[in-house]
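Welcome! Please take a moment to look over the sequence and the 3D view, and then try the exercises with us.

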Amino acid sequence: MVNNKIINLNNGRSALDLGIKVLSLKKGTKILVPEIICDVAIKVFLRNNLKVKYYKLNSKFEPIWSDLYKKKSSDVSCILMVHFFGFPQNIKKFKYFSKKQKLFLIEDNCHSLNLKFKEISLGNNGDIGVDSPRKIFNDLYSGGRLFINKKLNYKFEKLIQYQPNILSKYKKIIKKDFKNFYTNIKFLGKRPNYESPFLYSDKDNNFNIEKMDNFSENYLKCINFKKESIKRITLYKKLEKFAKKNRIKPVFKIKSNLIPMSFVGIASSKSHASKLFDWGWKNKVEITSWPSFYSKAKLDKKLINRWSKYICIPLNQNFKINISKINDR
Ligand SMILES: Cc1ncc(COP(=O)(O)O)c(C=O)c1O
């Protein structure tokens, strides 16, 4: 029997994978998943013999509740709630929905950390929760956590521990101290094709569930979350000004205590988004699209049209952004 447990693993996908196993969901049942989600999450569900049923999101990444209520059926066993980019969903509504429909609720907080927001600690609200500190902190070699929040019958097998090798240690140093060199080598001097909805899909099909390495586990214990939140919020506010000058509509309003992964904005058109990607590449500011969808997903035209205008600026970068209008004509 497991109850109120946090398990430190190598990444978010492993946490999700082990979490699904812990819930012991019936083979062939369906999971309700937001229509905008990265391909690795879908792969986790499929390899655990679940069927994926997408629910619609509005432009602010919130569920269209009328659509979600239409998706209920007896073969649905759980629902995934994602705090996109680190901005909390309406947890009350999700809890009410899953309780009413007798579904397991999985809280995906892979774009933030277990901060306290309005007295709610993210990660602790579903039957299970997952996060991915390795995505938030560049210095970690690995890091994904599974939060088990209710009594569940599951027998854990012994896991091997992720061990960063010499190559990954050097890679980390080069990435940190010679970021431009690293990016140029990685992408062969050419900007990635952020306009492709499948840019990084199918890149990592065979991942293993492993434990977090010792270095990352200790690093995580020493993090000052408050300081990290302030740093990110300060950068976010600068990016809001940058957005205003450049016809970019921010998707989320920043609030105190959040630890968002990225600033997300909506460009005025697809070509405007492309120009922003170009500008970022030239000026060494990471501006990307998100996510890379599951390669076999049938993507609705309207959804892709909306997706193609989103631009994401990760907040774990060190850069000085010039709050001016860029030449994007
Ligand atoms: C919403 C969401 N959940 C889970 C994951 C998996 O996290 P990780 O890359 O640490 O395996 C991702 C990664 O892209 C994600 O965006």
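Below are some short exercises, each with a worked solution, on a model that is predicted.

**Exercise 1. Find out whether the radius of gyration of the protein agrees with that of a compact globule.**

Step 1: Start with the length, which is 329 residues.
Step 2: For a compact globule with 329 residues, the expected radius of gyration is near 20 Å.
Step 3: The protein has 20 Å, which agrees.
Step 4: To round out the picture, the C-alpha trace spans about 55 × 50 × 40 Å along its principal axes, and 36% of the 329 residues count as buried. Among contacts with a separation of 6 or more, 69% come from residues 24 or more positions apart.

**Exercise 2. Work out the strand order of the seven-strand open sheet and name its edges.**

Step 1: Begin with the inventory: the protein has eleven helices and twelve strands.
Step 2: Seven of these strands make an open sheet, and reading across gives E1-E9-E8-E5-E4-E2-E3, with mixed pairing.
Step 3: Strand E1 (5-9) and strand E3 (51-55) each have a single partner strand, so these two are the edges, and one side of each has no neighbour in the sheet.
Step 4: On average, neighbouring strands here are turned by 20° against each other, direction ignored.
Step 5: Now see why the pairing is called mixed, using both senses. Strand E2 (residues 30-34) runs parallel to E3, joined by five bridges; one place to look is valine 33, whose bridge partner in E3 is tyrosine 54. E1 and E9, in turn, pair in the antiparallel sense over five bridges, and lysine 5 has isoleucine 148 of E9 as its bridge partner.

**Exercise 3. Decide whether strand E9 is enclosed or open.**

Step 1: Count the buried residues of E9 (residues 144-148): five of the five are buried.
Step 2: Check each face. Gly144, Leu146 and Ile148 are buried on one side, and Arg145 and Phe147 are buried on the other.
Step 3: With every one of the five buried, E9 is therefore largely enclosed by the rest of the structure.
Step 4: Add a neighbour: strand E8 (residues 128-131) pairs with E9 in the antiparallel sense over four bridges, and glycine 129 has phenylalanine 147 of E9 as its bridge partner.

**Exercise 4. Test the length of helix H6 and its burial.**

Step 1: H6 (residues 166-177) has twelve residues, and at 1.5 Å a residue they should span 16 Å.
Step 2: The end C-alpha atoms are 17 Å apart, which agrees.
Step 3: The number of buried residues among the twelve is zero, so H6 lies largely in the open.

**Exercise 5. Describe the three-strand sheet and the helix that packs on it.**

Step 1: The order of this open sheet is E10-E11-E12, with antiparallel pairing.
Step 2: Strand E10 (249-250) and strand E12 (310-314) are the edge strands, each pairing on one side only.
Step 3: Helix H9 (residues 225-245) packs on the sheet and touches E10, E11 and E12; its direction makes about 20° with that of E11.
Step 4: E11 (residues 262-266) is joined to E12 by five bridges, with isoleucine 266 facing its bridge partner tyrosine 310 in E12.

**Exercise 6. Which helix gives the most to the shell around the ligand?**

Step 1: Of the 14 residues around the ligand, Asn11, Gly12, Arg13, Cys110 and Ser132 come nearest.
Step 2: Helix H1 (12-23), helix H2 (39-47) and helix H5 (133-136) each supply at least two residues of the shell.
Step 3: H1 gives the most, with three residues.

How values were computed. Residues are numbered from 1 along each chain as its sequence is written. This is a predicted model: local features need pLDDT of at least 70, side-chain atom pairs count only at pLDDT 80 or more; totals for chains, interfaces and linings use all residues. The expected span of a helix is 1.5 Å times one less than its number of residues. A residue is buried if 20 or more other C-beta atoms lie within 10 Å of its own, exposed if 12 or fewer, and partly exposed in between; C-beta atoms are placed from the backbone. The radius of gyration is taken over C-alpha atoms; the globule rule is 2.2 Å times the number of residues to the power 0.38. Two residues are in contact if their C-beta atoms, placed from the backbone, lie within 7 Å. Two strands pair if DSSP finds at least two bridges between them. Axes are lines fitted to C-alpha atoms, for helices over the stretch in contact, and angles run from 0 to 180 degrees between N-to-C directions. A residue is near a molecule or strand if its C-beta atom, placed from the backbone, lies within 6 Å of it.
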